Amino acid sequence: MHSASTSSVDLVTEVNVVIKSSSANKPVKIYRVLVDTGCSRTIVRRSVFNDTDFRSKRTSKETIWNTNGGTFLTKHEMPVTFTLPEFAPSKEITWKMAVDETETNHKYDMIIGRDLQQALGFDILWSKGLLIWDGISIP
């Protein structure tokens, strides 16, 4: 019998995104993102948006999230335009995401759920430790 030993770090699929702002004065910032096959829907933290973008683009949509840490509620969703610079820095993606407005300090600014993973055609190749999108793979 073969026993494989992996640390929890080995099992994390993190990427970076750049979220487009309607404000020309806002500097480009790279956000930390988790690609989570256990999350059904993509969610983004409220803190990544300026107040003008959030107020003008959000729509009301309540979603109850059941997680290992408990249940929480999001009240809004909004279209978010972003790039994945590790794959294709100039290819813009727009996706409607739930917005997490809690003030809690989170490890990630966005969680890419199965909805967006499937739409983009993300492949997670665990046997080789690769995340593949649009013909490009990253470790």
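This tour moves through a predicted model, from the strands that pair at its start, through the nonpolar core, to the largest pocket.

**Strand 1 and its partners**

Begin by selecting strand 1, residues 14-19. Show strand 2, residues 30-35, beside it; the two pair in the antiparallel sense over five bridges. Within this pairing, Val17 stands opposite Tyr31 of strand 2. Next, add strand 5, residues 70-84. Strand 5 is also paired with strand 1 in the antiparallel sense, here over two bridges. The residue to pick on strand 1 is Ile19, which stands opposite Phe82 in strand 5.

**Phe82 and the nonpolar core**

Centre the view on Phe82 and display its contacts. Beyond the residues up to four places away in sequence, Phe82 touches Val17, Val18, Ile19 and Lys20. On the same list of contacts are Lys91, Glu92, Ile93, Trp95, Met97 and Leu116.

Now widen the selection to the largest nonpolar core, which has 26 residues. Phe82 is among the members that touch the most others, together with Val15, Ile19, Val44 and Leu84. In soluble globular proteins, nonpolar side chains tend to be buried together. To see where this core draws its residues, colour strands 1, 2, 5, 6, 7 and 9: each supplies at least two. Of these, strand 6 covers residues 88-100 and strand 9 covers residues 130-133.

**Ile111**

Move to Ile111, which is found in strand 7. Is this residue buried or exposed? Ile111 counts as partly exposed, because its relative accessibility is 23%, and the buried class requires a value under 20%. Select Asp36 as well: it lies 75 residues from Ile111 along the chain, yet the two C-alpha atoms are separated by 6.5 Å. With neighbours within four places in sequence set aside, the contacts of Ile111 are Leu34, Asp36, Cys39, Arg41, Thr42 and Ile43.

**The largest pocket**

Keep Ile111 and Ile43 displayed, and add Trp65, Thr67 and Phe72; these five residues lie nearest the centre of the largest pocket. The pocket holds about 500 Å³ of space and has a lining of 23 residues. Two or more lining residues come from each of strand 3 (43-45), strand 4 (59-67) and strand 7 (110-112). Which element gives the largest share? That element is strand 4, with five residues.

Finally, colour the lining by residue class. Ten of its residues are nonpolar, seven are polar and six are charged.

Notes
Residues are numbered from 1 along each chain as its sequence is written. This is a predicted model: local features need pLDDT of at least 70, side-chain atom pairs count only at pLDDT 80 or more; totals for chains, interfaces and linings use all residues. Side-chain values use heavy atoms; hydrogens and water are left out. On a 1 Å grid over the protein atoms alone, a cavity is a set of points where a 1.4 Å probe fits but cannot get out, and a pocket is an open set with protein on both sides within 12 Å along at least five of seven lines; lining residues have an atom within 4 Å of a point. Grid points are joined across faces, edges and corners, and a volume is the space filled by probe spheres set on the points. Helices (H or I, at least four residues) and strands (E, at least two) are DSSP runs, numbered from the N terminus. Ala, Val, Leu, Ile, Met, Phe, Trp, Tyr, Cys and Pro count as nonpolar, Asp, Glu, Lys and Arg as charged, and the others, Gly among them, as polar. A nonpolar core is a set of buried Ala, Val, Leu, Ile, Met, Phe, Trp, Tyr and Cys residues joined through side-chain atoms within 4.5 Å. Buried means under 20% relative accessible area, exposed over 50%, partly exposed in between (1.4 Å probe, protein chains only). Contact means heavy atoms within 4.5 Å. Two strands pair if DSSP finds at least two bridges between them.
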